[in-house]
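Work through the exercises below with the model open beside you. Try each task before reading its solution.

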Amino acid sequence: MVDYNGTKQTSPDGRSRTVRGRPFVKWAGGKRQLIDILLKNVPPQYNTYIEPLVGAGALLFALAPTRAIISDINPEIINAYLVIRDNVHAVASSLTRHKNTEEYFYKARSKNPNQLSPVQRASRFIYLNRTCFNGLYRENSRGEFNVPFGDYETPKILDKGNLLAVSDYLGSNHISILCQDYKKTALLAKPGDFVYCDPPYYPLNTTSSFTKYSKGDFTEQDQGELSQVFRDLDRKGCYVMLSNSNTPYIRGLYKGYDIEEIEAYRALNCKAERRGKGLYEILVRNYGRGTKG
Ligand SMILES: C[S@@+](CC[C@H](N)C(=O)[O-])C[C@H]1O[C@@H](n2cnc3c(N)ncnc32)[C@H](O)[C@@H]1O
């Protein structure tokens, strides 16, 4: 098993690696549950690791590459990465001052993040993530965080050891952190780089799936455009891996590439009876076993 504590671990592929830090927020679609499968599918060698829709970065932290480019369209998570890298003690100290009460939560939630300092903004973001219902990040159409209070007895608002490990990892390696559209980030990829794309999933059915991490949604057209970017990166000579839902539409977009069905647990379905294990996800690659498109 891989753990994230910064010690040398032997993973299922038999390679040992130093892992620095782990995701510092819970994130819808976060890949911590699937990390061992993802690691088995990483190309054995590559230049720069690029994750253009990085979210909480489960694979980033598990791989801990020394050279990487990460980006996300969500300004809250990207600000948090930057502040943890550059000002970790200030954000840790600010996190100790939050309170786990309903009144305080809604007061913090109502604040406009654009009017806070970067440290206050990261601190509010992590606090809300730790204390809100299910650790979700979701925005309304005005771009305001709108998840209700979780009412957990003892949420771990400050995980100082992990924040320090993340800060150390981000600060002591060549990691570019960008708040921008994935297409712009994909343009930075060079032959021999490894690009992992983990977009908001195409819905398994029209009512159940969560695709809204920010005020914009990731539409069917976006999925189509992402598959074009995948093909462009393939033609350029990059190693490309992508996760998505196991639906005929998505499988059609990646026809000709290696598509593996993955047994995944669906935790974010709104209907409790639809939660559970199944072949809900696929992993698409342009390298390795299978045919190349
Ligand atoms: C499934 S999540 C990624 C989860 C991540 N792999 C993890 O382990 O936490 C998808 C991410 O794509 C981001 N996203 C959505 N649209 C985007 C866009 N156009 N450009 C860049 N990022 C985008 C979302 O903000 C979200 O963080």
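The exercises go from the whole chain to single residues.

This is a predicted model: local features need pLDDT of at least 70, side-chain atom pairs count only at pLDDT 80 or more, and totals for chains, interfaces and linings use all residues. Residues are numbered from 1 along each chain as its sequence is written.

**Exercise 1. Take stock of the protein**

Task: Describe the confidence, the secondary structure and the burial of the protein.

Solution:
- Start with pLDDT, the predictor's confidence in each residue, from 0 to 100. The protein averages 88, and 84% of the residues score at least 70.
- Next, find the weak stretch. Over residues 1-12, pLDDT stays under 50. The model has 27 contacts beyond four places in sequence for this stretch. Two residues are in contact if their C-beta atoms, placed from the backbone, lie within 7 Å.
- Then list the elements. There are ten helices and nine strands. These are DSSP runs, numbered from the N terminus: helices are H or I with at least four residues, strands E with at least two.
- Now burial. Of the 293 residues, 40% count as buried. Buried takes 20 or more other C-beta atoms within 10 Å of a residue's own, exposed 12 or fewer, and partly exposed lies in between, with C-beta atoms placed from the backbone.
- Last, contact range. Among contacts with a separation of 6 or more, 68% join residues 24 or more positions apart.

**Exercise 2. Place strand S6**

Task: Find the partners of S6 and state how its two faces are covered.

Solution:
- Locate S6 at residues 194-197.
- Look for pairing, which takes at least two DSSP bridges between two strands. Strand S3 (residues 49-51) runs parallel to S6 and is joined to it by two bridges. Here Tyr49 stands opposite Phe194.
- Strand S7 (residues 239-245) also pairs with S6 in the parallel sense, over four bridges. Val195 stands opposite Val240 there.
- Check the faces. Phe194 and Tyr196 lie on one side, Val195 and Cys197 on the other, and all are buried.

**Exercise 3. Follow Ile84 to helix H7**

Task: Explain why Ile84 counts as buried, and trace its contacts.

Solution:
- Ile84 sits in helix H3 (residues 75-86).
- Count its neighbours. Ile84 is buried because 26 other C-beta atoms lie within 10 Å.
- Leave aside neighbours within four places in sequence. Ile84 then contacts Phe24, Val91, Ala122, Leu163, Val166, Ser167 and Leu170.
- Turn to helix H7 (residues 160-172). Its buried residues include Leu163, Val166, Ser167 and Leu170.
- Check the length of H7. Its 13 residues reach 18 Å from first C-alpha to last, close to the 18 Å expected at 1.5 Å a residue. The expected span is 1.5 Å times one less than the number of residues.
- Add one distance. The C-alpha atoms of Ile84 and Asp168 are 9.0 Å apart, with their positions 84 residues apart along the chain.

**Exercise 4. Compare two positive phi values**

Task: Describe the settings of Ala64 and Asp151.

Solution:
- Recall the rule: most residues other than glycine have a negative phi.
- Ala64 has a positive phi, near 45°. It lies in the loop between helix H2 (58-63) and strand S4 (67-72). Ala64 is buried, since 20 other C-beta atoms lie within 10 Å.
- Asp151 has a positive phi, near 55°. It is in the loop between helix H6 (118-131) and H7. With 13 other C-beta atoms within 10 Å, Asp151 is partly exposed.
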